[in-house]
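Please look over the sequence and the fold below before reading on. The paragraphs after it move from the whole chain to a single helix and then to a pair of rings.

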Amino acid sequence: MLKIKEPEVFTSSAKMASQQPQPGGPMSQPGLQQPASIQQQQQQLSQQQDFDPVHKFKMLIPQLKESLQNVMKIASLNLAHNTSIDNGIKSSDTSVQRFDKSLEEFYALCDQLELCLRLAYECLSQSIDSAKHSPNLVPTATKPDTVQTESMSYAQYLCMIKSQISCAKDIHNALLECSKKIAGKGQPQGIM
């Protein structure tokens with residue numbers, strides 16, 4: 001026997017009633033969205049952008065420029081400081097910023113940019129391969145009037161699937177042969 005939990009239904013309807021805009025309130029104008037939905041849309045957008053390597057790349061470029069400027073500034077200050085020490089104008093007691101730390105930060109940003117570009121390239125090549133090996137949809141029998149000109153016939157689709165299966169079997173057999181050869185070389189040979 002199923003029990004319906006009435007307090008939860010009442011609580012949720014009470015919450016919904018409390019979230020309704022009051023007459024004459026700031027949200028009573030038609031066409032305005034509630035702040036919660038705006039925040040949710042912004043969170044979804046930021047989550048999508050976090051996974052987008054191109055967007056991450058664009059965000060890292062200004063940081064890279066700033067880091068490069070910092071590296072050049074510290075390098076010039078250190079060079080001027082070392083030159084003044086070599087000329088005997090200053091002693092080496094004054095502290096200067098460490099060049100290696102700023103250079104390490106610059107290289108870390110370069111590595112992040114490289115990873116973003118590799119990920120973007122992999123996504124693009126995967127998309128191209130996906131379009132190449134399964135370019136068009138097979139039209140459904142329920143809607144024959146909406147057949148697209150670029151869709152493939154069922155016979156073409158079957159042919160493509162059979163070729164993919166045979167290719168997978170070939171790869172599987174090649175891997176089995178290689179593993180047998182490796183296992184055969186690893187076993188000690190019989191004494192003659």
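What follows is a walk through this model, which is predicted.

The protein chain holds 5 helices and 0 strands, and read from the N terminus its elements follow the order α-α-α-α-α. Of its 192 residues, 9% count as buried, while the protein chain exposes about 16,800 Å², of which carbon and sulfur atoms supply 60%. Among the contacts in the protein chain with a separation of 6 or more, 51% are made by residues 24 or more positions apart.

Helix 4 covers residues 99-133, and because a helix is expected to advance 1.5 Å a residue, its 35 residues should span 51 Å, which agrees with the 51 Å that separates its end C-alpha atoms. Which residues of helix 4 are buried? They are Ser 102, Phe 106, Leu 109, Leu 113 and Cys 116, and these buried residues pack against helix 3, residues 53-86.

Phe 106 also takes part in an aromatic pair, and a search of the whole structure finds 1 such pair. A pair of aromatic rings is described by the distance of the centres and the angle of the planes. For Phe 106 and Tyr 107, the ring centres lie 6.0 Å apart and the planes stand at 50°, so the pair is tilted; the tilted class takes in angles that are neither under 30 degrees nor over 60. The two partners can also be described by their accessibility: Phe 106, at 15% relative accessibility, counts as buried, whereas Tyr 107, with a relative accessible area of 48%, is partly exposed.

Notes. Residues are numbered from 1 along each chain as its sequence is written. This is a predicted model: local features need pLDDT of at least 70, side-chain atom pairs count only at pLDDT 80 or more; totals for chains, interfaces and linings use all residues. Side-chain values use heavy atoms; hydrogens and water are left out. Helices (H or I, at least four residues) and strands (E, at least two) are DSSP runs, numbered from the N terminus. The expected span of a helix is 1.5 Å times one less than its number of residues. Buried means under 20% relative accessible area, exposed over 50%, partly exposed in between (1.4 Å probe, protein chains only). Contact means heavy atoms within 4.5 Å. Rings of Phe, Tyr and Trp (its six-membered ring) pair if their centres lie within 6.5 Å; planes under 30 degrees apart count as stacked, over 60 as edge-to-face and the rest as tilted. Accessible areas come from the Shrake-Rupley method with a 1.4 Å probe; for residues, only the protein chains shown count as cover.
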